[in-house]
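Trainee: I am new to this structure, so please choose a single part and take me through it closely.

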Amino acid sequence: MKIVPSDSRKKLSKVSVPKLAPASLRDISSVVINLDRRVDRWVKIQKSVAKQAPWLQLKRLPAVDGAAAPPPVSEVTKKWSTARLSDKFFWYKPMTVRMAPGERGCCASHIAAWKVAAKRRAPLLVLEDDAVALPPFTASLAQAVAEAPSGTGMIFLSSKDRGTRKTAGKVLMEPEFVWTTVGYLIWPAAARTFLRMLPMDMPVDNFLAWHICHGKILAYSLRPAAVRQANTWNVGSDVPHSDDVAHW
């Protein structure tokens with residue numbers, strides 16, 4: 001692997017893709033959350049990751065279909081309050097809304113991934129099936145893991161944020177309110193922490209962002225990003241967003 005210049009994020013994205021996993025990533029395994037009916041997405045993400053990270057073996061994790069097989073309320077609530085978000089973001093109004101079946105299934109799918117992560121010794125890479133691996137994937141992720149401080153619980157593979165993120169390293173960013181669960185690295189201790197906090201009483205992206213924002217675990221985002229969603233927000237999604245009705 002080439003030496004990555006410390007003063008240039010632009011150069012980081014031009015590092016050649018290694019065939020073998022960098023030293024900092026050799027113990028990492030991955031799962032892809034994928035609905036049984038979305039074979040097309042499973043095929044696409046395998047091709048995308050193979051191009052940018054041929055060293056990474058993907059394991060398919062069947063997603064929970066929230067309509068056909070709703071998760072128990074002991075894991076995911078049926079309703080949730082936007083009051084906490086309205087205290088932080090002016091565009092939310094406080095109200096109680098019913099979580100859409102797709103949202104509940106998405107929550108349960110990530111919970112299933114955390115159950116896998118909780119049993120491991122090394123971090124688990126969790127990808128949603130609409131993730132697209134970007135050219136900096138391997139170099140950014142390797143650098144992030146190498147520079148992550150002791151006690152890190154998660155590293156999100158994008159730099160999207162609803163607030164103002166801060167530089168925390170060569171590639172690590174300290175998020176204010178991290179946005180999107182398209183891809184992240186989660187350590188076993190963090191997975192166990194979130195499992196102890198069930199039931200999930202917000203959609204999974206808000207659940208994670210809220211508790212990270214309030215110090216439940218130490219988490220970072222990544223720049224340059226390692227992944228992006230195949231389509232922009234709310235376009236071509238299998239998961240409708242219940243909080244749309246709570247926007248002013």
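**A close look at helix 4**

Mentor: Let's start with a pair: helix 4 and helix 6 cross in a left-handed way (the near helix is turned anticlockwise from the far one by less than a right angle; helices are DSSP runs of H or I with at least four residues, strands runs of E with at least two, numbered from the N terminus). This is a predicted model, where local features need pLDDT of at least 70 and side-chain atom pairs 80 or more, while totals for chains, interfaces and linings use all residues. Residues are numbered from 1 along each chain, and side-chain values use heavy atoms, without hydrogens and water.

The two helices pack at about 130 degrees with axes 8 Å apart (lines fitted to C-alpha atoms over the stretch in contact, with angles from 0 to 180 degrees between N-to-C directions). They are therefore oblique to each other (not under 35, over 145 or 65 to 115 degrees). Helix 4 brings Ile111, Trp114, Lys115, Ala117 and Ala118 to the contact, and helix 6 brings Pro188, Ala191, Arg192, Phe194 and Leu195 (heavy atoms within 4.5 Å).

Helix 4 itself covers residues 101-118, and its end C-alpha atoms lie 25 Å apart, which agrees with the 26 Å expected for 18 residues at 1.5 Å a residue (1.5 Å times one less than the number of residues). Because 13 of those 18 residues are buried, the rest of the structure largely encloses helix 4 (buried is under 20% relative accessible area, with a 1.4 Å probe and protein chains only).

Trp114 is also among the residues with the most contacts inside the largest nonpolar core, together with Met154 and Ile186; this core has 42 residues (buried Ala, Val, Leu, Ile, Met, Phe, Trp, Tyr and Cys joined through side-chain atoms within 4.5 Å). Helix 4 gives the largest share of this core, 8 residues.

Technical notes: Buried means under 20% relative accessible area, exposed over 50%, partly exposed in between (1.4 Å probe, protein chains only).
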